[in-house]
Amino acid sequence: MKKIIACLMLFALFACQEEEFTVVESKEDAIGVDEDRQLTSLMKLVSSHDGSFDNVVDDSDCFSINYPYMCSYNGELYTVNSVEDLAPFNMYDELIPEFPITMTLANYIEVEVPNLNAFETLISQCQNGQLFNERITCIDFVYPISVAIYNTETTNFDTLIFNHDRDTFTSLDLINENTVASVNYPVKMTTNTGLILTFNSNEELKDEILTVIPLCD
């Protein structure tokens, strides 16, 4: 047990791959500690919520408005049930939501917005960098993804299946210091050009995400 806890403390969430549940006696014995923590952060950035699809309404990448909702345009009300309902409009059209609305932030937290003043405040906070808006948008996970979990307090093993970006982001946020988590490879990702890539280790996955980041802008 002491050795498993040491592995947890030194390798954070994804340093201990299935074949690497081995003895780590001290911090000096660990290899790639920072890199493995970096992989966890990168996976969260790939899976964070992209709120850019409804910018014609909220002018913000930091969040999106939950369906369904109503918008006022030129004195008429329009029901928005999907992104397709926004297709006739562009950034020069003034679409004003009918409040209250519920919005999903980039970290998947949902907030209720009671009025136009609160809405405009959130838009301003996004534009000023006050809201979480870190995303990697040019590569996506192919689901499902399987993650092996070991709880060091209960000594229970479990498997989490991620089927959506929300699952991935929120689960990585909730895994605590008593948990060893290991990605079950292979993992597939798809690029914004439609290319599907397969990875068989933490290092391969991390390297690819880092490689595409400069291409996302």
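Visitor: Which cysteine does cysteine 62 pair with in a disulfide?
Guide: Cysteine 62 is joined to cysteine 126, with an S to S distance of 2.0 Å. A disulfide here is a pair of cysteine sulfur atoms within 2.5 Å. Bear in mind that this is a predicted model, where local features need pLDDT of at least 70, side-chain atom pairs count only at pLDDT 80 or more, and totals for chains, interfaces and linings use all residues. Residues are numbered from 1 along each chain as its sequence is written, and side-chain values use heavy atoms, with hydrogens and water left out.

Visitor: Is that disulfide right-handed or left-handed?
Guide: It is right-handed, because the torsion about the S-S bond of cysteine 62 and cysteine 126 is about 80°. The pair links distant parts of the chain, 64 residues apart. Cysteine 62 sits in the loop between α3 (55-58) and β1 (63-65), while cysteine 126 belongs to helix α4 (residues 116-127). Helices (H or I, at least four residues) and strands (E, at least two) are DSSP runs, numbered from the N terminus.

Visitor: And are cysteine 62 and cysteine 126 buried or exposed?
Guide: Both cysteine 62 and cysteine 126 are buried. Buried means under 20% relative accessible area, exposed means over 50%, and partly exposed lies in between (1.4 Å probe, protein chains only).

Visitor: How many disulfides does the structure hold?
Guide: Two. Besides the pair just discussed, cysteine 138 is joined to cysteine 216, S to S 1.9 Å. That disulfide is left-handed, since the torsion about the S-S bond of cysteine 138 and cysteine 216 is about -55°. This pair also links distant parts of the chain, 78 residues apart: cysteine 138 is in the loop between α4 and β7 (139-142), and cysteine 216 is in the segment after α6 (202-212).

Visitor: How buried is cysteine 138, then?
Guide: Cysteine 138 has 6% relative accessibility, so it counts as buried. Its partner cysteine 216 is partly exposed, with a relative accessible area of 21%.

Visitor: What does cysteine 138 touch?
Guide: Not counting residues up to four places away in sequence, cysteine 138 touches Thr190, Thr191, Asn192, Val212, Leu215 and Cys216. Contact means heavy atoms within 4.5 Å. Cysteine 138 is also 8.5 Å from valine 46, C-alpha to C-alpha, with their positions 92 residues apart in sequence.

Visitor: What about cysteine 71, buried or exposed?
Guide: Cysteine 71 counts as buried, at 1% relative accessibility.

Visitor: Switching to sheets: what is the strand order in the open sheet with β7?
Guide: The order is β7-β11-β12, three strands with antiparallel pairing. Two strands pair if DSSP finds at least two bridges between them. β7 and β12 (196-199) are the edge strands, each pairing on one side only. On average, neighbouring strands of this sheet are turned by 30° against each other, direction ignored.

Visitor: How many bridges are there between β7 and β11?
Guide: Four, in the antiparallel sense, with β11 covering residues 187-191. Isoleucine 139 stands opposite threonine 191 in β11. As for packing, α6 lies on the sheet, touching β7, β11 and β12, and its direction makes about 145° with that of β12. Axes are lines fitted to C-alpha atoms, for helices over the stretch in contact, and angles run from 0 to 180 degrees between N-to-C directions.

Visitor: Which residues of β10 are buried on its two faces?
Guide: Thr179, Ala181 and Val183 on one side, and Val180, Ser182 and Asn184 on the other. That makes six of six buried residues in this strand, which spans residues 179-184. Strand β8 (residues 145-151) runs antiparallel to β10, joined by six bridges, and asparagine 151 stands opposite threonine 179.

Visitor: Now the overall picture: how many helices and strands are there?
Guide: The protein has six helices and twelve strands. Of its 217 residues, 42% count as buried. Among contacts between residues at least 6 apart in sequence, 59% join residues at least 24 apart.

Visitor: What is the mean pLDDT?
Guide: The mean is 83, and 83% of the residues reach 70 or more. Over residues 1-35, though, the pLDDT is below 50, and this stretch has 65 contacts in the model beyond near neighbours in sequence. pLDDT is the predictor's confidence in each residue, from 0 to 100. Where it is low, the predicted coordinates should not be read in detail.
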